[in-house]
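Me: I am trying to learn how labels are given to parts of a protein, and I would like to go through them one at a time. Could you look at this with me?

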Amino acid sequence: MTFQLTPEQQAIVDYPLAPLRVAAGAGTGKTTTIVLRLKALIAADIEPESALGITFTNKAAGELADRLRVELPDLTADGREVQVSTYHGFAYEVLREFGALVGVERDTAVIGPAHQKQLIEDGLGVVHFDHLDLTYPRGIIDKTFTLAGQVGDNLLATSDVRVAAPAAGGRDDVWDTRLELLSLVDSYVLAKTSIGVVDYGDLVGRAHQLVTEHPAIAERIRARYRIVLLDEYQDTDPAQRELLRAVFGGGFPVTAVGDSDQTIYEWRGASRLNFDGFVHHFPNPDGTNAATLPLTLNRRSDRAILDLANLIRERLHGDAPFDSLDPGPGARSGQIETGWLGTRGEEAAWIAARIEEAHDDGSRWDEIAVLVRKNKDIPAIREALLSAGIPTEVVSVGGLLEIPEIAELVAWLQILDDPSTSTSLARILLGSAFRMGLGDLAPLAAWVRERNHQGDASPSLIEAIDHVEQISGCSPEAMQRLEDFRARYSRLLVEAQSVPVPDLCRSVLAAMHAWTEVDAMNDHAAVSTRLNLYRFLDLVESWKPVVGRATLESFLQYLRLLSDESAPQELDTVAISRGPAVAILTIHRAKGLEWDTVVIPSVVDGGFPSRSRSYASPIDKAEYLPYSLRLDAESLPDLSGAQKASDRNAILRKYHEAEEWRTAYVAVTRARHQLIVTGSHRTPERKTPRIPSPLFTMAEKIAGTSVVIDDPGPIEEPQWEPPGSAPDPLFTESSWDEVLREATKDPEWLNAHPKHKPAATARASQMRLELESLPQPAVAEQSVARATSVTGLVTLARCPLQFRWAFVDRLPRRPSPALRRGVQFHRSVELHNVGKVPLADLDEIAYDLPGDGSSEPAASGADPYEVFLESRFADQKARFAEVPIDLGFGSVRVRGRIDAVYEPEPGRWEIVDYKSGRPSDDPALDVQLETYAIAAVDGAVAEPIPDQLSVTFAFFGGGEYAERSVDVNDAWLDAARDRIESLSLRFERDEFEPTPSAACRRCDFISFCETGRSFLDG
Ligand code: SF4
């Protein structure tokens, strides 16, 4: 250590073995002080192994361990080390050693937020809702995630929350909704148990349960140590605090280091009460409060920056006393600049110019960072920096997904997974690789429209590309590009079926000629693009699904969850590469880091410090726990006197504002020498001009240079708008989702937009009917880990390997015009029978359409629906139509949908499955009728069950009606049950042997299935 310890540091290093709180301001060398305290204790005869350091992230734990190795080289040489862990790591180790006592096995995997949401999403189908808004499943997932986190962070079980609920009749809608959310939390807990995983909250909760139920274990852990150092203690949540108290409370020498002004993670459970209340949570052995020692000498930042930091703290503390940050002996005057520009584009360009100047003045690119409050600010800044030839590295994942190269790569993955995602396809064709214009796509869109009018089954844009030779109006150049696209797509589709996701990403990049393009870029752009692509590939490599195989579909689902603002905390371990590039990241990810020059953009009123329209009021929002149930209740604002939601919002806004100012304090103190704060009059998302935020004004007061440009008046800044999705073939209102969303949020919205009213009202009633027809799940069924559709079962009967690839691995499949025609036929028949069609996407599962011979295209002029209208069913009224079924066979659930049940006389049922193709005698298809018959006799269709039953395939393809029917008797039923049970067993045991047959000809996977190919060749 080359510098002299300050008296403050010396006091901490020398403090005796007793509980101690260290209030360490930003940049005051707290890690150094911790390391020196440990070094001094070891020199005074404490065994290194009996010292435990706990910090927040893996990265911080690694850095602390490295520092200790450097400071204690002799011990390291002897193979002896101080123990260093993260807070979660400590809980994990406790469970690894003793977890069996609370039912946690040693090899239990831990899942992060993206995976948690995935499991919650899986549970949506098994809970019945009356109060939650099912039109917005993502909202339900987020709320369940929040409530599950709150329950865990406060060491509660869902039953504890239920007990606190008012009795039925006295409950408001918030409590009713909360109870429904609790059912989803239960389902999520069950899902974790059934696949043997825990989340981070469970780690702490279970470890706490363990040490409180078994005090001898707490004693045993405690006896291993003589000193514990808790770093970044202000970021811990109440459950972590209670775990540490249960083991190390009551006078044990715990040193907690932190800064309550840097508590910026309250939104993810951190509690300021932990740091503020440390002195009595961890009292001296005699019961008196623990001591507090300050660290105030900042060795990082220059004077001007510290002046601003102290102004922010003044605002935070009001009249209460606080220790202001003092500049270190080497501090210079420092530089603060503010820029208030005309438009956001001008602001970004100004930032680029200032960064260039800083670089010209000697700053390395990697010593400069742009810290944004929200991910959405990243693209404009990045673009301006790149245009100015400045290399950039986007460190926030949410921002990474928005940069063009990654967005295009993800678009490719999306169309490989689901060819009907026209938005992604359009992004690719209009993007840099193919450079097509909307005009080039117009003939394809016209072809799609025309096929719709002809009653063909809603072909997708990709099918139009497949038929591009038959489409007139495409220019030769456009034709060539579409053919080029088609060739690349076909090649990638084959790969997508056979290679892991990381390899597929590399193949897509090769097909995009991404690396060649990178090589052709100027140096700075090449560095930026390469760093961002590497970061994305790192993300793909490190991804593992919580459950099941690593499929493209589950990876895309994971990406969708990551793009959420709250997700980046999962990626604490992703470090900045420190390549020669300017880092762009959110302030929350920048904690613990520092740069010579820091830019904070978009410091506009309401933007930063940010303001929401509503806050986490447990009185108004079901996903938040009532304060009385929280472990940090005493530190929360008093809402009891606020009668109206707006009053509560006002109280919470003030409370939230403090966290925003703490975030500002963190942002400002990342800078060593230069801080640039910017904003602009005009932003694309607002028509009215913006004004500087109080933070901007504060910075402006200290700034050496302030640039102010006049308001240019209303502007139209170009913004990327993704093309809309293709219209629903039956409902021409293409923006139905938005209409419904708006109408749900605001009951008056439809009155203000009458042109949307008829379509929205019709569709809303259709949705209600659909929801009402859903079967009520039985609670016991929630633990079932495996499920398939009747279509899946038929495929399993035909060829287990095909089933595995199609339904377990979910390999991408080719778009099938025949299946689409089948779906269209079923929609027409359903419209005929019921007068409505389902909201479900057009897919074969929605109508139990196994890809079989019967789905072959019908001969020309033989419209199956016309044949239907001539058949015996045209004038018969079905007793039930489109009946959802859900059956259990062993631990496998089979779900499906029966086309129609006729009852020609009381007690005699005929179950009919309509087929749009020609007659087929494929024996695998029989599984479909067998499943339907079992559903009927088991009461899964309706009660009472029929006295007599027949099951029928009705074929309407080929121009002539034909049928295959069976009268069901006990022997037939027994054989059917045996067959389906043995198929389920095969699924349970992962027995997926190939079974080649004539069906291999139509198999999606024939291009790489060796068994199928040799069968066909032979
Ligand atoms: S090609 Fe034949 S054997 Fe191979 S998976 Fe397909 S159906 Fe099964």
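Me: How many residues does the protein chain have, and what percentage of them count as buried?

Reply: This is a predicted model, and of the 1018 residues in its protein chain, 53% count as buried, a label that requires a relative accessible area under 20%.

Me: Why is His513 called partly exposed?

Reply: The relative accessibility of His513 is 42%, and because partly exposed covers values between 20% and 50%, His513 belongs to that class. His513 lies in the loop between helix H24 (501-511) and helix H25 (514-520), and its phi, near 55°, is a positive value in a residue other than glycine.

Me: What makes Asp990 buried, exposed or partly exposed?

Reply: Asp990 has a relative accessible area of 38%, which is neither under 20% nor over 50%, so Asp990 is partly exposed. Asp990 is found in the loop between helix H39 (970-988) and helix H40 (1010-1017), and its phi is also positive, near 55°.

Me: How do you know which classes of residue form the shell around the ligand?

Reply: The residues surrounding the ligand include Cys799, Trp805, Pro996 and Ile1006, together with Gln802 and Gly1012. Because Cys, Trp, Pro and Ile count as nonpolar, while Gly is placed among the polar residues, each member can be assigned to a class, and the shell comes to 7 nonpolar, 2 polar and no charged residues.

Me: What is the peptide bond from Phe608 to Pro609, cis or trans?

Reply: That bond is cis, with omega near -5°, and Pro609 lies in the loop between strand S15 (595-600) and helix H29 (645-668).

Definitions and conventions:
Residues are numbered from 1 along each chain as its sequence is written. This is a predicted model: local features need pLDDT of at least 70, side-chain atom pairs count only at pLDDT 80 or more; totals for chains, interfaces and linings use all residues. Side-chain values use heavy atoms; hydrogens and water are left out. A residue is near a molecule or strand if one of its heavy atoms lies within 4 Å of it. Buried means under 20% relative accessible area, exposed over 50%, partly exposed in between (1.4 Å probe, protein chains only). Helices (H or I, at least four residues) and strands (E, at least two) are DSSP runs, numbered from the N terminus.
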